[in-house]
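Got a structure on the screen and a few labels that need explaining? Let's take them one at a time and see what stands behind each.

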Amino acid sequence: VADEQGVPRGRLTGTIQNDIIKEYLSRGTYIFPPEPSLRLIKDTIVFTCREVPKWNPTNVCSYHLQEAGATPVQELAFALATAIAVLDTVRGSNDVSAAELPAVVGRMSFFVNAGLRFVTEICKLRAFSELWDEITRERYGVTDPKHRLFRYGVQVNSLGLTEPQPENNVTRILLEMLAVTLSKRARA
């Protein structure tokens, strides 16, 4: 649409989820198994980083993992494993140079779940942030702290809400989001 309307791709901003691995892991709605899925994700990342540089080409979606029954710790582990698999695929493809990789890392974002396990959720967001910084620094050699920033959006866990007690949903949502807000260096 931008091309058709004459809008330069460099002016476009936005985020696409582009995490089709989550369909395999948590939703059971996958069309492709992991390897072809990773290749499609990589192709999108390579294209957007070159052609649409302000675009966030992938949003690792761990939200659905908790909806499918994962604990917050499992959500964290699977999300980071997915992000590593994506970045390893990008790096291993030779479609992105070593000099371009930090910018690719800096464009990644996450979509996380905030459930009712208050203390665990606080710890999960702290761990996400600290582990992502460590992984991007040590595994991928990213030196710019801005590119190592754990960028994320949060949605409260809808499984904790109930139709028979709607007045309690406000309190549940408040507790779920409060855990995220109290996390160290939270930006939610």
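Q: Where does N94 sit in this predicted model?
A: You'll find N94 in the loop between helix 5 and helix 6 (101-107). N94 comes just after helix 5.

Q: What makes the backbone at N94 worth a look?
A: N94 has a positive phi of about 65°, although N94 is not a glycine.

Q: Why is N94 called exposed?
A: The label exposed needs over 50% relative accessible area. N94 has 67%, so N94 is exposed.

Q: How do you know that helix 5 has about the span expected of it?
A: Helix 5 (residues 72-92) has 21 residues, and from its first C-alpha to its last it reaches 30 Å. At 1.5 Å a residue, the expected figure is 30 Å, so the two are close.

Q: Which residues of helix 5 are buried?
A: The buried ones are P72, E75, L76, A79, L80, T82, A83, I84, V86, L87 and V90. As for its place, helix 5 lies across strand 3 and strand 4, and runs at about 165° to strand 4.

Q: Why is H64 called buried or exposed?
A: Buried means under 20% relative accessible area. H64 comes in at 18%, so H64 counts as buried. H64 belongs to helix 4 (residues 63-67).

Q: Which residues does H64 touch, neighbours within four places in sequence aside?
A: H64 is in contact with K22, S26 and R27.

Q: What makes strand 4 largely enclosed?
A: Look at the count: 7 of the 7 residues of strand 4 (residues 108-114) are buried, so the rest of the structure largely encloses this strand. Both faces are covered. On one side M108, F110, V112 and A114 are buried, and on the other S109, F111 and N113 are.

Q: How do you know that strand 3 and strand 4 pair?
A: Pairing takes at least two bridges. Strand 3 (residues 58-61) and strand 4 have 4 bridges, so they pass, and they run parallel. One spot to look at is N59, which stands opposite S109 in strand 4.

Q: What about strand 4 and strand 5: how do you know that they pair?
A: Strand 4 and strand 5 (residues 152-156) share 5 bridges in the parallel sense, and at least two are needed, so they pair. Here F111 has G153 in strand 5 as its bridge partner.

Q: What makes strand 3 and strand 5 the edges of the sheet?
A: The sheet is an open one of 3 strands in the order 3-4-5, with parallel pairing. Strand 3 and strand 5 each have a single partner strand, so one side of each is left without a neighbour in the sheet. From one strand to the next, the twist averages 25°.

Q: Which elements make the right-handed β-α-β unit?
A: Strand 4, helix 7 (residues 118-138) and strand 5 do. Helix 7 lies across strand 4 and strand 5, at about 165° to strand 4.

Q: How many aromatic pairs are there?
A: The structure holds 6.

Q: Why is the pair of F110 and W132 called edge-to-face?
A: To count as a pair, ring centres must lie within 6.5 Å, and planes over 60 degrees apart make it edge-to-face. F110 and W132 are 5.0 Å apart, centre to centre, with 80° between the planes, so the name fits. F110 lies in strand 4 and W132 in helix 7, so the pair ties together parts 22 residues apart in sequence. F110 is buried at 1% relative accessibility, and W132 is buried at 0%.

Q: Why is the pair of F110 and F150 called tilted?
A: Their centres are 4.8 Å apart and their planes are at 40°. That angle is neither under 30 degrees nor over 60, so the pair is tilted. F150 lies in the loop between helix 7 and strand 5, so this pair ties together parts 40 residues apart in sequence. F150 is buried too, with a relative accessible area of 1%.

Q: Which residues do the ring pairs link into a cluster?
A: F110, F128, W132, F150 and Y152.

Note on methods: Residues are numbered from 1 along each chain as its sequence is written. This is a predicted model: local features need pLDDT of at least 70, side-chain atom pairs count only at pLDDT 80 or more; totals for chains, interfaces and linings use all residues. Side-chain values use heavy atoms; hydrogens and water are left out. Buried means under 20% relative accessible area, exposed over 50%, partly exposed in between (1.4 Å probe, protein chains only). Contact means heavy atoms within 4.5 Å. A crossover is right-handed if, with the strands pointing away from the viewer, the path from the first strand over the helix to the second runs clockwise. Axes are lines fitted to C-alpha atoms, for helices over the stretch in contact, and angles run from 0 to 180 degrees between N-to-C directions.
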